[in-house]
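Welcome, and please get your viewer ready. We will take a short walk through the model, one selection at a time.

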Amino acid sequence: MVQLRLFDTMDDVQYAMSLTSAELPKIKEANIYSYHFIRDIRNAVNKKMSMDRRANMEYEQDINHINHIYR
């Protein structure tokens with residue numbers, strides 16, 4: 001049985017991110033609203049990580065461009 005938690009701390013967000021693909025259907029069966037909440041948390045975290053990767057990549061490109069021009 002899968003234990004459901006509320007998301008009020010960073011540990012709880014990490015818990016949501018650590019759930020396996022086998023656990024998610026069990027949560028969906030037990031409580032559809034919890035499943036949707038967990039899915040939304042995971043989507044938000046993944047989107048933020050993607051945005052951070054993109055920003056870091058653009059920053060590196062800008063720095064490389066500046067270094068190339070002013071060498």
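Before the first stop, one definition: a nonpolar patch joins nonpolar side chains within 5 Å, taken from residues with over 30% relative accessible area and no salt bridge. Keep in mind, too, that this is a predicted model.

**Stop 1: the surface patch.** Select Ile66, Ile69 and Tyr70; together they make a nonpolar surface patch of about 360 Å². Now keep Tyr70 alone, which you will find in the segment after α3. Is Tyr70 buried or exposed? Its relative accessibility is 68%, so Tyr70 counts as exposed, the cut-off for that being over 50%.

**Stop 2: the whole chain.** Zoom out and colour by secondary structure: the protein chain has three helices and zero strands, in the order α-α-α along the sequence. Switch on the surface, and you are looking at about 6100 Å² of accessible area, with 54% of it belonging to carbon and sulfur atoms. Of the 71 residues, 17% count as buried. If you draw a contact map, consider the pairs at least 6 apart in sequence: 41% of these contacts join residues at least 24 apart.

**Stop 3: a buried charge.** Next, select helix α3, residues 32-69, and pick out Arg42 within it. Which side chain of opposite charge is nearest to Arg42? That is Glu23, 7.1 Å away, and Arg42 is buried yet has no salt bridge. To see what surrounds Arg42 beyond its neighbours within four places in sequence, show Ala16, Met17, Ser18, Leu19 and Leu24, which are in contact with Arg42.

Note on methods
Residues are numbered from 1 along each chain as its sequence is written. This is a predicted model: local features need pLDDT of at least 70, side-chain atom pairs count only at pLDDT 80 or more; totals for chains, interfaces and linings use all residues. Side-chain values use heavy atoms; hydrogens and water are left out. Helices (H or I, at least four residues) and strands (E, at least two) are DSSP runs, numbered from the N terminus. Buried means under 20% relative accessible area, exposed over 50%, partly exposed in between (1.4 Å probe, protein chains only). Contact means heavy atoms within 4.5 Å. Accessible areas come from the Shrake-Rupley method with a 1.4 Å probe; for residues, only the protein chains shown count as cover. Lys and Arg count as positive and Asp and Glu as negative; His and the chain ends are not counted. A salt bridge is a side-chain nitrogen of Lys or Arg within 4 Å of a carboxyl oxygen of Asp or Glu. Patches are made of residues with over 30% relative accessible area and no salt bridge: like charges are joined within 9 Å, nonpolar side chains (Val, Leu, Ile, Met, Phe, Trp, Tyr) within 5 Å.
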